[in-house]
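Biologist: I am new to this structure and would like a close look at a single part of it. Please set the scene first, then take me there.

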Amino acid sequence: MGSWRGIEVGDRQVVLIGAGPLVPTVVTALLEAGALVRVVADGVGPAIQDLADRGRLELITDRPVADSIDGAALVVACSGDQRDDDHVLALAAAANLAAVRLEPGAGGQDRQRAGRVILVGGGPGDPGLLTVAGLDAIRNADVIAADRLAPLSALAHARPEAEIIDVGKIPRGPGVAQRTIEELLVDRALKGNTVVRFKGGDSFIFGRGGEEWQACAAAGIPVTIIPGVTSASAAPAAAGIPLTHRQLSQGFTVVTGHVPPSDRRSTVNWEALAQSGLTLVIMMGMANLAVITDALIGYGLDPATPAAVVADGTMSSMRTERGTLTDIAARAAEAGLGAPATVVIGSVAGFTPA
């Protein structure tokens, strides 16, 4: 059985009450320890909402706390408000349930030194693929602004007093506005903090790291970049798909598919890609995959070209669906594959080592 803070929680019900800043970190640690997690709170961040939507935890927003903790092996008071947390602890004591309180950190805002921002690419999802430099930055940060696709279990290495802020976004769903994130980084750094912006993948590959660097530079805040392993290459590799191969492909191109080829906002030359002879990697393209493949076929790419979709690349939940340019969108939909996913189109998508 797994344990958390020395408490056995494997296969046991753990109920977290509140939406304080430490909740994403604690939930990740509890899930990894095998706990059955229930979160009782309004206004949870995108990371918790995403886990609930995927069935990883139970989220309750409309049930009294006293009813929600019934039968729990452990109750965790984590609103960040002392009065609310005291109330939760009192309810747990009355029900003869084990309970603990989480204390949010002060964020180190009393330190008299120049602040800075560190953009940390967290890698494709597997915590083992976070770089040593990235982990070291987390260990020394005063403030950490984390995305939902970053390896959140790494936040367990943060200092107890560090302020951890959930700034994740759900595609076509709720999330923290980019301008708000940039203002947050600037605000915390101007107060003398070392601020880590913790992202999935690499900050400079569809991660808007360049925009955040610009915002900090405009405010006179020094920025350090710690690159991350991008899922553009890691997800296919984890699925056994080499993006280049001497007999199959001499290069690859990575593009975003978050808008369809016909959209006026798209600046991708899909016709040129169809004629390039290179491996094509599409990020953020699941919602538009059918129209993208149709466009590539229309521009002359062989409909029989191998294609693959790798969902949750490098994670224990990773799934891969292979097919051809003609049927990969339908196959992926039939298999229930969705974001985050990486699409590979080209001869290498049909690669087998034998």
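Modeller: Start with the whole chain. Buried residues account for 49% of the 354 residues in the protein. Keep in mind that this is a predicted model. Its mean pLDDT is 90. A value of 70 or more is reached by 95% of the residues. One stretch falls well short of that level: over residues 105–112, pLDDT stays under 50. The model still gives that stretch 21 contacts beyond four places in sequence.

Next, the overall form. The C-alpha trace spans about 70 × 50 × 40 Å along its principal axes. The radius of gyration is 22 Å. That agrees with a compact globule, because 354 residues packed that way would give a value near 20 Å. The secondary structure comes to 11 helices and 17 strands. Contacts reach across the sequence too. Take those between residues at least 6 apart: 66% of them join residues at least 24 apart.

Now the outside. The accessible surface comes to about 16300 Å². Carbon and sulfur atoms hold 51% of that surface. The protein carries 28 positive and 37 negative charges. The mean positions of the two sets are 4 Å apart.

Here is the part for your close look: D147. Where does D147 lie? It sits in the loop between strand 9 and strand 10. Strand 9 covers 143–146, and strand 10 covers 163–166. Is D147 buried or exposed? D147 is buried, because its relative accessible area is 16% and the cut-off for buried is under 20%.

Which residues does D147 contact, leaving aside neighbours within four places in sequence? L152 is one of them. V167 and G168 are also in contact with D147. Then comes a run further along the chain: R197, F198, K199 and G200. So a residue in a loop can still be buried, as D147 is, with a relative accessible area of 16%.

For contrast, look at another loop residue, P242. It lies between helix 8 (231–238) and strand 13 (252–256). P242 is partly exposed, because its relative accessible area is 22% and partly exposed runs from 20% to 50%. Not counting residues up to four places away in sequence, P242 touches V348 and F351. One distance helps with scale. P242 and A90 are 152 residues apart in sequence, and their C-alpha atoms are 57 Å apart in space.

Notes:
Residues numbered from 1 in each chain as written. Predicted model: local features only at pLDDT ≥ 70, side-chain atom pairs only at ≥ 80, totals over all residues. Heavy atoms only, no water. pLDDT = per-residue confidence, 0-100. Contact = heavy atoms within 4.5 Å. Helix = DSSP H or I, 4+ residues; strand = E, 2+ residues; numbered from the N terminus. Rg over C-alpha atoms; globule rule 2.2 N^0.38 Å. Buried < 20%, exposed > 50% of the residue type's maximum accessible area, 1.4 Å probe, protein only. Areas by Shrake-Rupley, 256 points an atom, 1.4 Å probe, with all protein chains shown as cover. Lys, Arg positive; Asp, Glu negative; His and termini not counted. Charge placed at Lys NZ, Arg CZ, Asp CG, Glu CD.
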